[in-house]
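Grab a coffee and open the viewer. Below are some short exercises to work through by eye, each with a solution to check yourself against.

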Amino acid sequence: MISRGPRLITWQLGVLAEIVQETPRVSSLYFDAPDWPGHLAGQHIDVRLTADDGYQAERSYSIASAPEDRRLALTVERLDDGEVSPYLVGELRVGDKLELRGPIGGYFVWRGEEERPLLLIGGGSGVVPLMSMLRHRSHVARKAPARLLFSSRTLADVIYHEELERLSSADGGLRVFHTLTREKPAGWTGYTRRIDEAMVKEVVWPTQDMVDVFVCGPTSFVEAAASLLVAMGYDPRAVKTERFGATGG
Amino acid sequence: MRDTHPLMGFVSRGFRGKRRDTASSARVPPGQYVVTDFPVLSAGPTPRVNLDQWTFSIEGEIDEPKRWTWKEFRALAAETVTKDIHCVTKWSKLDTTWKGVSVDTLMEGVETAAEFTTVFSDAGYTTNIPLDDITGNKAWVVYEFDGQPLHPEHGGPVRFLVPHLYFWKSAKWVRGIRLQNEEHPGFWESNGYNMYGDPWREQRYWGD
């Protein structure tokens with residue numbers, strides 16, 4: 001388990017055991033990390049790449065796997081002008097080693113110990129730490145009711161689509177709402193617009209009391225979603241956010 | 001307690017990386033990369049601040065707490081400074097230009113035995129910084145970025161600026177400085193992040 005006290009977060013090597021392509025631009029990387037100390041759903045990890053002349057690049061990525069999972073999973077979106085993500089998604093092969101350290105962050109975490117409703121709002125690869133929470137939730141005995149509102153560009157860009165279907169069809173306590181912002185596929189029953197007040201009102205619980213809220217995605221998405229929730233009466237302190245900019249990777 | 005190179009000699013197969021020009025690389029701390037946009041990182045929703053009720057305070061270990069209204073604060077002598085900033089999430093931004101009031105100006109006439117401070121904000125955010133790190137021309141309370149009023153997403157109307165430490169120490173939506181005899185961990189410092197946060201020593205997390 002994670003101790004609350006200060007603790008050295010050391011670099012260690014993980015070995016890539018499996019690659020799962022989630023969408024054309026996004027892949028999940030499953031690592032065997034024998035020295036991994038365990039994590040909480042929502043935490044992230046630092047990754048460090050070293051070239052043969054000693055040049056290094058570091059980035060942070062959200063952890064996609066549940067604390068209970070055997071392997072440590074990252075889900076990485078390839079940014080074409082990025083430095084680290086094109087290496088992780090494209091160059092790294094099964095059997096390769098990767099330097100990593102973590103887990104990091106003690107705020108944007110969901111422990112699953114409470115039965116308070118869990119509201120998750122994700123945009124694009126912002127769904128990754130939320131998926132760790134839903135995977136963790138699938139392992140706990142007394143499940144909080146949970147709702148995920150997930151915004152993707154197109155149907156092909158929906159990360160974890162099948163797994164989300166599987167989780168929600170097997171579990172009446174979990175509802176998943178999709179919206180697509182750049183496509184209206186034939187037969188699509190989800191939303192097809194950017195997140196807005198009407199959508200949030202249809203998705204979230206009418207009572208704002210005692211709901212754990214996690215919002216993650218691009219800055220503009222998080223600003224919009226968090227502002228809508230506050231305008232609806234959600235306590236700003238109950239709305240936990242993580243933002244990522246257009247750069248990165 | 002540092003453990004930066006336990007894997008000395010490890011090479012990431014097939015990694016070459018995007019090299020920086022050497023002129024700017026000397027200004028980029030270890031593990032950081034340079035961005036040209038301005039990423040936003042906040043733990044919660046962006047607060048909307050009412051300037052009619054806004055004040056900036058210096059309180060705690062001080063005989064007479066000091067307090068300025070928005071109008072009084074804006075009447076203080078301002079400086080424009082150009083600084084490099086370094087976020088613990090790995091991005092650095094070079095030559096950022098800010099306008100605001102030096103903490104030295106705010107601390108004029110203050111006598112205190114305090115060695116530590118907690119900088120506090122509207123959204124309940126706090127961060128701890130030694131007093132010596134915000135005095136002596138090292139920190140500002142700023143209201144303009146790049147010649148424009150500071151946007152709420154970036155901490156407007158007023159944020160703290162202490163550029164020699166990781167940027168989480170530069171609290172957004174800042175409302176005051178509490179002078180203290182002991183160091184009390186702030187928001188991120190209670191959640192896994194380093195008490196001091198020197199980018200050049202890569203003090204990101206607990207134990208670094």
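The exercises go from the whole of chain A down to single residues, and end in chain B; keep in mind that this is a predicted model.

**Exercise 1. Work out how chain A is built and how compact it is.**

Step one: count the elements. Chain A has 5 helices and 11 strands.

Step two: check the compactness. The radius of gyration is 18 Å, close to the 18 Å that the globule rule gives for 249 residues, so chain A is as compact as a globular protein of that length.

Step three: look at the extents. Laid along its principal axes, the C-alpha trace spans about 55 × 45 × 30 Å.

Step four: ask what is inside. Of the 249 residues in chain A, 46% are buried. As for contacts with a separation of 6 or more, 70% are between residues 24 or more positions apart.

**Exercise 2. Find the side of chain A that touches chain B, and say what supplies it.**

Start with the head count: 39 residues of chain A are in contact with 37 residues of chain B. Next, pick out the elements of chain A that each supply at least two residues to this side: strands S3 (44-50), S4 (56-62), S6 (97-104) and S11 (239-244), along with helices H1 (85-91) and H5 (219-231). The largest share, 5 residues, comes from H5(A). Last, sort the residues on chain A's side by character: 17 are nonpolar, 10 polar and 12 charged.

**Exercise 3. Trace the open sheet of 5 strands in chain A.**

First, get the order. The strands of chain A run S9-S8-S7-S10-S11, with parallel pairing. Second, find the edges: strand S9 (174-180) and S11 of chain A each pair on one side only. Third, follow the twist, which averages 10 degrees from one strand to the next.

Now zoom in on one pair. Strand S10 (residues 212-218) of chain A and S11(A) are parallel and share 6 bridges. Within this pair, Phe214(A) stands opposite Lys240(A) in S11(A).

**Exercise 4. Describe H5(A): its span, its buried residues and what covers them.**

Begin with the ruler. H5(A) has 13 residues, and its first and last C-alpha atoms are 18 Å apart, close to the 18 Å expected at 1.5 Å a residue. Then list the buried positions, among them Phe221(A), Val222(A), Glu223(A), Leu228(A) and Leu229(A). What covers the buried residues of H5(A) includes strands S7 (118-123), S8 (146-152), S10 and S11, plus helix H4 (197-203), of chain A. To finish, step off the end of the helix: just after H5(A), Gly233(A) has a positive phi of about 110 degrees.

**Exercise 5. Is Asp157(A) buried or exposed?**

Locate it first: Asp157(A) sits in the loop between S8 and helix H3 (161-169) of chain A. The cut-off for buried is 20 or more other C-beta atoms within 10 Å. Asp157(A) has 21 within 10 Å, so it is buried. For its contacts, leave out residues up to four places away in sequence; Asp157(A) then touches Thr23(A) and Ser152(A). One more distance to try: the C-alpha atoms of Asp157(A) and Glu183(A) are separated by 10 Å, with the two residues 26 apart along the chain.

**Exercise 6. How many residues are in the hairpin connection between S2(B) and S3(B)?**

Find the two strands of chain B, S2 (residues 55-60) and S3 (residues 66-69), which run antiparallel and are joined by 4 bridges. The hairpin connects S2(B) to S3(B) through 5 residues. As a check on your pairing, Ser57(B) has Arg67(B) in S3(B) as its bridge partner.

How values were computed:
Residues are numbered from 1 along each chain as its sequence is written. Chains are lettered from A and ligands numbered from 1 in the order in which they are written. This is a predicted model: local features need pLDDT of at least 70, side-chain atom pairs count only at pLDDT 80 or more; totals for chains, interfaces and linings use all residues. The radius of gyration is taken over C-alpha atoms; the globule rule is 2.2 Å times the number of residues to the power 0.38. A residue is buried if 20 or more other C-beta atoms lie within 10 Å of its own, exposed if 12 or fewer, and partly exposed in between; C-beta atoms are placed from the backbone. Two residues are in contact if their C-beta atoms, placed from the backbone, lie within 7 Å. Ala, Val, Leu, Ile, Met, Phe, Trp, Tyr, Cys and Pro count as nonpolar, Asp, Glu, Lys and Arg as charged, and the others, Gly among them, as polar. Two strands pair if DSSP finds at least two bridges between them. Axes are lines fitted to C-alpha atoms, for helices over the stretch in contact, and angles run from 0 to 180 degrees between N-to-C directions. The expected span of a helix is 1.5 Å times one less than its number of residues.
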